[in-house]
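Visitor: I would like to look closely at one single part of this model and to understand it step by step. Could you guide me through it slowly?

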Amino acid sequence: MTDILVVRGMSKSFGALKAIRGLSFSLAHGEILGIAGPNGSGKSTLFNILTRIPFGPDAGELVLDGKSLDRMSPRQIVQAGLARIFQTETDFETLSVLENILVAMPDEDFRHGRRDAEKRAADLLAYVGLRDQADRPASEITVYDRKKLMIATALACRPKVLLLDEPAAGLSPPEVTEMIELIRRINADGLSIIVIEHIISLLVSVSNRLLVLNFGELLAEGAPKDVIRDRRVIEAYLGTAAANV
Ligand SMILES: Nc1ncnc2c1ncn2[C@@H]1O[C@H](COP(=O)(O)OP(=O)(O)OP(=O)(O)O)[C@@H](O)[C@H]1O
Ligand SMILES: [Mg+2]
């Protein structure tokens with residue numbers, strides 16, 4: 001498999017805090033790559049600097065499908081095919097669920113008029129299981145539905161690579177199971193995916209490969225079942241005492 005995304009030497013500091021320290025990794029075509037790591041290990045910062053929303057890296061290179069994204073604006077990066085969802089809900093609360101999709105859709109979808117655009121938006125909502133919520137204000141739908149709305153909004157941009165930051169945070173166990181199915185379906189339909197999660201069962205069941213970050217560096221990388229048994233990973237999450245039990 002060739003790589004769809006290549007990250008080389010990414011760094012980002014906030015004052016004296018080195019949130020991401022010379023991080024390099026790649027994502028293969030068609031792969032689901034999981035990212036785990038303790039709170040504050042730099043996972044969301046990594047997505048921020050890759051997409052330049054809201055800020056880019058201090059140093060590092062990013063190549064998507066053979067094309068450098070280093071000089072691109074956030075908008076150009078999305079147009080090149082890299083889209084994300086955020087850890088916290090970022091929808092427009094006063095707009096309806098359908099309108100949230102419409103505002104994310106590229107201009108080309110409106111070429112043949114609003115009706116065509118609305119049809120595509122409705123199809124995207126049906127795809128993530130939100131068909132019956134289309135006309136409700138986004139502020140009134142559940143956390144789970146807002147997660148799915150963010151995903152549909154990202155899909156509206158026709159990405160090649162989708163970055164999911166904690167898509168299952170705050171979901172009930174049956175909702176987590178459904179989210180796993182949705183992530184698999186999006187991947188089966190052709191997207192390569194990087195997913196950040198604290199819910200290890202989700203990472204183990206969807207990921208082809210798992211990275212663990214600690215203090216902005218790669219602590220471990222490999223097959224999910226091996227990585228979660230790695231002594232250094234257990235220590236990073238639970239502390240040395242727990243790892244010795
Ligand atoms: N805009 C910012 N300004 C200053 N410090 C920041 C900023 N964003 C993140 N940080 C700091 O960088 C570090 C990494 O934060 P980040 O949000 O990337 O962690 P995370 O791995 O996503 O954590 P969590 O699992 O809790 O979501 C933390 O110490 C955080 O306080
Ligand atoms: Mg985070």
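What is the relative accessibility of Q87, and does Q87 count as buried, partly exposed or exposed?

Guide: This is a predicted model, in which local features need pLDDT of at least 70 and side-chain atom pairs count only at pLDDT 80 or more, while totals for chains, interfaces and linings use all residues. Residues are numbered from 1 along each chain as its sequence is written, chains are lettered from A and ligands numbered from 1 in the order in which they are written, and side-chain values use heavy atoms, with hydrogens and water left out.

Q87 has a relative accessibility of 35% and counts as partly exposed, because buried means under 20% relative accessible area and exposed over 50%, with partly exposed in between, using a 1.4 Å probe and protein chains only. S44 is also partly exposed, at 21%. These two residues belong together: the OG atom of S44 and the OE1 atom of Q87 are the protein donors of the magnesium ion (ligand 2), and they lie 2.1 Å from it. Donors are N, O and S atoms within 2.8 Å of the metal (3.2 Å for Na, K and Ca), and since water is not among the atoms, a site may look incomplete.

The pair links distant parts of the chain, for S44 sits in helix α1 (residues 43-51) and Q87, 43 residues apart from it, in the loop between β6 (82-84) and α3 (97-104). Such helices (H or I, at least four residues) and strands (E, at least two) are DSSP runs, numbered from the N terminus.

From here we can follow both elements into the sheet, an open one of 6 strands with mixed pairing, in the order β6-β7-β8-β3-β9-β10. Two strands pair if DSSP finds at least two bridges between them, and β6 and β10 (217-222) are the edge strands, each pairing on one side only. Within the sheet, β7 (residues 161-165) runs parallel to β8 (residues 192-196), joined to it by 5 bridges, and L164 stands opposite V195 in β8. Helix α1, which carries S44, packs on this sheet and touches β3 (32-36), β6, β7, β8 and β9 (209-214), its direction making about 140° with that of β6. Contact here means heavy atoms within 4.5 Å, while axes are lines fitted to C-alpha atoms, for helices over the stretch in contact, with angles from 0 to 180 degrees between N-to-C directions. Helix α6 (residues 173-188) lies across β3, β7 and β8, running at about 155° to β8.
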